Amino acid sequence: MPHTIRYNQEDRIIELHLQGLIILNEFKEVISEVADAVYENHCLLILSDYRQATLKLSAFEIYDVPKIIMNTDTPSYISEREVKRALVVTEITEDFHFLETVSANRGQPVKLFTDVDKAKAWLLE
C-alpha cells in the first residue's frame with residue numbers, strides 16, 4: 001500500500017497519506033512507521049488522509065486496530081491515549097465510523113472528517 005509520512009513543521013503535525021487498498025499486514029507496518037515519526041518528531045498530532053485509499057479490513061481486524069496501536073513499539077513515556085488522530089475520508093462509511101468508535105472506547109482520541117482544514121483545526125485546538 002503506497003503511503004507517505006511527513007512532519008509538517010509549520011503546523012507541528014505528522015501527516016500520513018495512504019493510497020490503494022488497506023490490508024492488515026501492510027497497515028501494521030504503516031502504524032509502526034507512524035509511531036517512529038511520533039517519537040522522532042516529539043509530536044502527538046497525526047493527520048491521516050484516507051481519501052485515496054480503500055479500507056479492506058474485516059470487522060474483527062478493525063476492532064483490533066486500537067490494540068495494535070497500543071502494542072506498537074514506542075518509548076514508555078508516549079501513551080497511545082495522548083496521540084490525537086484526525087482521519088480524513090471522502091465519505092464517512094460504516095467501517096471508518098466503527099474504527100472511530102472502537103478507538104474512542106479504548107481511550108484513543110480519534111475523529112473522522114471529510115475536510116482537511118477542519119481536521120487540522122481539531123488537532124490544534
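Let's fix one term before we set off: a residue is buried when its relative accessible area is under 20%, exposed when it is over 50%, and partly exposed in between (1.4 Å probe, protein chains only). By that rule Arg-12 is exposed, with a relative accessible area of 59%. What you're looking at is a predicted model, in which local features need pLDDT of at least 70 and side-chain atom pairs count only at pLDDT 80 or more, while totals for chains, interfaces and linings use all residues. Residues are numbered from 1 along each chain as its sequence is written, and side-chain values use heavy atoms, with hydrogens and water left out.

Arg-12 sits in the loop between β1 (3-8) and β2; helices (H or I, at least four residues) and strands (E, at least two) are DSSP runs, numbered from the N terminus. Its backbone is worth a look, with a positive phi of about 60 degrees although Arg-12 is not a glycine. His-42 does a similar thing in the loop between α1 and β3, with a positive phi of about 50 degrees, and His-42 is no glycine either. At 66% relative accessibility, His-42 counts as exposed. The loop between α1 and β3 also holds Leu-44, which is partly exposed at a relative accessible area of 32%.

Now go inside. A nonpolar core here is a set of buried Ala, Val, Leu, Ile, Met, Phe, Trp, Tyr and Cys residues joined through side-chain atoms within 4.5 Å. The largest one has 38 residues, and those with the most contacts inside it are Leu-18, Ile-22, Phe-27 and Tyr-50. The elements that each supply at least two residues include β2 (13-22), α1 (24-41), β3 (45-55) and α2 (59-70), along with β4 (84-88), α3 (94-105), β5 (110-113) and α4 (116-124). The most comes from α1, with 7 residues. Take Phe-27 as a sample: leaving aside its neighbours within four places in sequence, Phe-27 is in contact (heavy atoms within 4.5 Å) with Met-1, Leu-18, Ile-22, Tyr-50, Leu-57 and Val-65.

Next up is α3. With 12 residues at 1.5 Å a residue, α3 should span 16 Å, and its end C-alpha atoms are indeed 16 Å apart; the expected span is 1.5 Å times one less than the number of residues. Its buried residues are Phe-96, Leu-99, Glu-100, Val-102 and Ser-103. An α-helix has 3.6 residues a turn, so residues three or four places apart point the same way. The cover over the buried residues of α3 includes β3, α2, β4 and β5. Just after α3, Gly-107 takes a positive phi of about 80 degrees.

How many aromatic pairs does the structure hold? There are 2, where rings of Phe, Tyr and Trp (its six-membered ring) pair if their centres lie within 6.5 Å, and planes under 30 degrees apart count as stacked, over 60 as edge-to-face and the rest as tilted. The rings of Tyr-50 and Phe-96 have centres 5.1 Å apart and planes at 65 degrees, so this pair is edge-to-face. The pair links distant parts of the chain, with Tyr-50 in strand β3 and Phe-96 in helix α3, 46 residues apart. Both Tyr-50 and Phe-96 are buried. For Phe-113 and Trp-122, the centres are 5.8 Å apart and the planes at 50 degrees, so that pair is tilted. Phe-113 counts as buried at 10% relative accessibility, and Trp-122 does too at 14%.

Trp-122 has a charged visitor as well: Lys-84 lies over its face, at 4.5 Å from the ring centre. A charge sits over a ring if NZ of Lys or CZ of Arg is within 6 Å of the ring centre and within 35 degrees of the ring normal. Likewise, the charged end of Arg-106 sits over the ring of Tyr-63, 5.1 Å from its centre. Tyr-63 belongs to helix α2 and counts as partly exposed at 42% relative accessibility.

Finally, look at Arg-85 in strand β4, which counts as buried at 10% relative accessibility. Its side chain makes a polar contact with the side chain of Gln-108 (3.0 Å). A polar contact is a pair of N or O atoms within 3.5 Å; within protein, one must be able to donate a hydrogen and the other to accept it, and residues adjacent in sequence count only if both atoms are side-chain atoms.
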